[in-house]
Amino acid sequence: QVQIVESGGGLVQPGGSLRLSCEASGSIFSMYVMGWYRQALGKQRELVAAITSSDITDYADFVKGRFAISRDNAKNTVYLQMNSLKPEDTAVYYCNAHRTRLNGSTLDYWGQGAQVTVSS
């Protein structure tokens with residue numbers, strides 16, 4: 001079992017920056033691919049960025065060049081640095097921990113979500 005706690009959301013003006021943090025506990029953090037997803041009002045949840053235990057990263061096209069994901073395995077924490085924020089980035093951002101077991105089954109754990117609002 002993995003417990004996930006997000007922090008760092010808030011209100012920011014267009015063009016501004018925010019950093020989200022996600023601390024995981026209860027299991028071996030380095031075994032998990034960590035990801036950030038977001039869900040805007042009335043829309044489906046979508047992947048924003050993900051990072052493996054060896055720091056391989058992947059980004060959705062709509063955040064490339066603006067957002068950066070990183071992790072600190074010693075602190076069991078993953079970060080999402082968000083720059084050049086746009087109103088369309090407004091959403092609840094969720095942290096996810098994902099692992100594929102040797103038998104092929106998968107484990108997914110989610111945080112409670114952090115609201116990010118981009119508005120003037």
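How many bridges pair β3 and β8, and in which sense? They pair over 6 bridges, in the antiparallel sense. The legends below start from that pair.

This is a predicted model, where local features need pLDDT of at least 70 and side-chain atom pairs count only at pLDDT 80 or more, while totals for chains, interfaces and linings use all residues. Residues are numbered from 1 along each chain as its sequence is written, and side-chain values use heavy atoms, with hydrogens and water left out.

**View 1. An open sheet of 4 strands runs in the order β1-β3-β8-β7.** Its pairing is antiparallel. The edge strands, β1 (3-7) and β7, each pair on one side only. From one strand to the next, the twist averages 15 degrees. Such angles run from 0 to 180 degrees between N-to-C directions, with axes as lines fitted to C-alpha atoms, for helices over the stretch in contact. Strands (E, at least two residues) and helices (H or I, at least four) are DSSP runs, numbered from the N terminus. Two strands pair if DSSP finds at least two bridges between them. Strands of a sheet pair through backbone hydrogen bonds, either parallel or antiparallel.

**View 2. Bridges link the strands of this sheet.** Between β1 and β3 there are 5 bridges, and the two run antiparallel. Here Glu6 has Cys22 in β3 as its bridge partner. Between β3 and β8, Leu20 is partnered by Leu80 in β8. Then 6 bridges join β7 to β8, again antiparallel. Phe67 has Met82 in β8 as its bridge partner.

**View 3. Side chains alternate along β1.** Ile4 and Glu6 point to one face and are buried. Gln3, Val5 and Ser7 point to the other face and are not buried. Buried means under 20% relative accessible area, exposed means over 50%, and partly exposed lies in between (1.4 Å probe, protein chains only). In a regular strand the side chains alternate between the two faces of the sheet.

**View 4. Arg19 lies in strand β3.** Why does Arg19 count as partly exposed? Because its relative accessibility is 45%. Not counting residues up to four places away in sequence, Arg19 touches Ser7, Gly8, Tyr79, Leu80 and Gln81. A contact means heavy atoms within 4.5 Å. Arg66 is 47 residues from Arg19 along the chain, and their C-alpha atoms are separated by 12 Å.

**View 5. Strand β9 (residues 91-100) is mostly covered.** Of its 10 residues, 7 are buried. Strand β4 (residues 33-39) is joined to β9 by 7 bridges, and they run antiparallel. Gln39 stands opposite Val92 in β9. Val92 also stands opposite Gln115 in β11. Strand β11 (residues 114-118) pairs with β9 over 3 bridges, in the antiparallel sense.

**View 6. β9 and β10 form a hairpin.** There are 5 residues between the two strands. In the turn, Gly104 has a positive phi of about 95 degrees. Strand β10 (residues 106-110) and β9 pair over 5 bridges, in the antiparallel sense. One pair is His98 with its bridge partner Asp108 in β10.

**View 7. Ala114 sits in strand β11.** Is Ala114 buried or exposed? It is buried, because its relative accessible area is 8%. Leaving out residues up to four places away in sequence, Ala114 touches Glu6, Gly9, Leu20, Ala91, Val92 and Tyr93. The C-alpha atoms of Ala114 and Ala91 are separated by 8.4 Å, with the two residues 23 apart along the chain.

**View 8. The largest nonpolar core has 31 residues.** Met34, Trp36, Leu80, Met82 and Tyr93 have the most contacts inside it. The elements that give two or more residues to this core are β3 (18-25), β4, β5 (46-51), β7 (67-72), β8 (77-82), β9, β10 and β11. A nonpolar core is a set of buried Ala, Val, Leu, Ile, Met, Phe, Trp, Tyr and Cys residues joined through side-chain atoms within 4.5 Å. Not counting residues up to four places away in sequence, Met82 touches Gly16, Ser17, Leu18, Leu20, Arg66, Phe67, Tyr93 and Val116.
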